[in-house]
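Please open the model in your viewer, with the sequence panel beside it, and follow the stops below in order. Each stop says what to select and then what is found there.

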Amino acid sequence: MHAYIFPGQGAQFSGMGLDLYENSSLAQELFEQANSILGFHITDIMFEGSAEDLKQTKVTQPAIFLHSVILAKVLGDAFKPDMVAGHSLGEFSALVAAGGLNFEDGLKLVSQRAQAMQKACELQPSTMAAVLGLDDDVVEKICALTEGVVVAANYNCPGQLVISGEVDAVNKACDTLKEEGARRALVLPVGGAFHSPLMEPAKEELAAAIEGTTFLNPLCPIYQNVTASAVTNSDEIKSNLIAQLTAPVRWTQSVQQMVADGATHFTEVGPGKVLQGLVKKIHREAETSSAEYNANA
């Protein structure tokens, strides 16, 4: 069975999506529509902006969403998923690609989500850190024993977990994790504590936007970050998307479940190859590839 997977924040690069824009009239139309929905020329930043320009959360999230969703749409009949999943923001891309949400509504929600997260980040100094070389339960235990807010946020693959929370608490946890034998415990250059209780203000804002949006049952199951299990019911999808902001991304568990449910090939749709690398670390036998649009096909 064929799974399609969609990347999250961090996969952006300067020039992303330009080849699609230049080679597909459908892509061009969707990019122009995006500029008008967002009220600024995101295409200029995607195609010509610096890494610094692309790093702003309000730009990054819609940019990655657009690159992924437009690529899926120009693939046309070649896009035949048996199941889909997305890492954090990528869950929205996966949902639109699988017909659970229309393009315009998906983009509006991603933009609102990005802005709400940005605001939540500005309310309190917070950060995230990558922890390598320890079992999940050791990391969870140290987070629980550390004073202040610090939680496991991204279960990326065995031996790679991202923690998230208040700056002091994350730094303290990193020191303890190194003492416990972590190969690395490295604070990340991110704007704030995504997937932690500190995102609660953003969650309230996003919940209102999601409740006011029409969702459909997708064409195939989506494996959501919060539950790491197959979901097809639109109401369940909505509540999981809202919960996702303050809950961990269970990527390891999602991939394991997709494999258990029959996935043998994982195609990454969007910028970068990060998820393919994670899939290989989770399940060595899995076949992985990048979705590629051939203008001459």
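Is His195 buried or exposed? Select His195 in this predicted model and display its surroundings: with a relative accessible area of 2%, His195 is buried. The residue sits in the loop between strand E6 (184-187) and helix H10, and its phi is near 55°, a positive value in a residue other than glycine.

**The whole chain**

Zoom out before going further, and colour by secondary structure, which comes to 13 helices and 10 strands. The C-alpha trace spans about 55 × 40 × 35 Å along its principal axes. The radius of gyration is 18 Å, which agrees with the value near 19 Å that a compact globule of 297 residues would have. Buried residues make up 55% of the 297 residues, and, of the contacts with a separation of 6 or more, 73% are between residues 24 or more positions apart.

Now switch on the surface, of which the protein exposes about 12,500 Å², with carbon and sulfur atoms supplying 48% of that area. If you colour by charge, you will be looking at 19 positive and 35 negative charges, whose mean positions are 4 Å apart.

**Ser88 and helix H6**

Select Ser88 next, in the loop between strand E2 (83-86) and helix H6 (90-97). Ser88 is not a glycine, yet its phi is positive, at about 60°, and at 11% relative accessibility the residue counts as buried.

Continue along the chain into H6, where 8 of its 8 residues are buried, so that the helix is mostly covered. Among the buried residues to pick out are Glu91, Phe92, Leu95 and Val96. After H6 comes Gly99, and here too phi is positive, near 80°.

**Three salt bridges**

The count of salt bridges comes to 3, and each can be visited in turn.

Begin with Lys55 and Glu52, whose side chains meet in a salt bridge with an N to O distance of 3.8 Å. Lys55 is partly exposed, with a relative accessible area of 44%, whereas Glu52 counts as exposed at 54%, the cut-off for that class being over 50%.

Move on to helix H7 (residues 103-123), which holds both Lys108 and Glu104. The closest N and O atoms of this salt bridge are 3.0 Å apart. How many residues separate Lys108 and Glu104 along the helix? They are 4 residues apart, which means that about one helical turn lies between them. An α-helix has 3.6 residues a turn, so residues three or four places apart point the same way. Lys108 is partly exposed at 37% relative accessible area, and Glu104 counts as partly exposed at 33%.

Keep H7 on screen and select Lys119 together with Glu205, which form a salt bridge with their closest N and O atoms 3.3 Å apart. This pair links distant parts of the chain, Glu205 belonging to helix H10 (residues 200-211) and Lys119 to helix H7, 86 residues apart. At 38% relative accessibility Glu205 counts as partly exposed, and Lys119, at 45%, counts as partly exposed as well.

**From Pro125 into strand E3**

Follow the chain out of H7 to Pro125, in the loop between H7 and E3. Pro125 is exposed, with a relative accessible area of 62%. Leaving aside residues up to four places away in sequence, Pro125 touches Glu166 and Val167. To place Pro125 within the fold, draw a line from its C-alpha atom to that of Val269: the two residues are 144 residues apart along the chain, and the line covers 33 Å.

Then select Thr127, which lies in strand E3 (residues 126-132). At 8% relative accessibility, Thr127 counts as buried. Which residues does Thr127 touch, not counting residues up to four places away in sequence? Its contacts include Ile163, Ser164, Gly165, Val167 and Val170, and also Val187, Leu188, Val190, Gly192 and Ala193. Val167 is therefore worth keeping selected at this last stop, as Thr127 counts as buried and touches Val167, while Pro125, which is exposed, touches Val167 too.

Terms used: Residues are numbered from 1 along each chain as its sequence is written. This is a predicted model: local features need pLDDT of at least 70, side-chain atom pairs count only at pLDDT 80 or more; totals for chains, interfaces and linings use all residues. Side-chain values use heavy atoms; hydrogens and water are left out. Helices (H or I, at least four residues) and strands (E, at least two) are DSSP runs, numbered from the N terminus. The radius of gyration is taken over C-alpha atoms; the globule rule is 2.2 Å times the number of residues to the power 0.38. Buried means under 20% relative accessible area, exposed over 50%, partly exposed in between (1.4 Å probe, protein chains only). Contact means heavy atoms within 4.5 Å. Accessible areas come from the Shrake-Rupley method with a 1.4 Å probe; for residues, only the protein chains shown count as cover. Lys and Arg count as positive and Asp and Glu as negative; His and the chain ends are not counted. The place of a charge is taken as NZ of Lys, CZ of Arg, CG of Asp or CD of Glu. A salt bridge is a side-chain nitrogen of Lys or Arg within 4 Å of a carboxyl oxygen of Asp or Glu.
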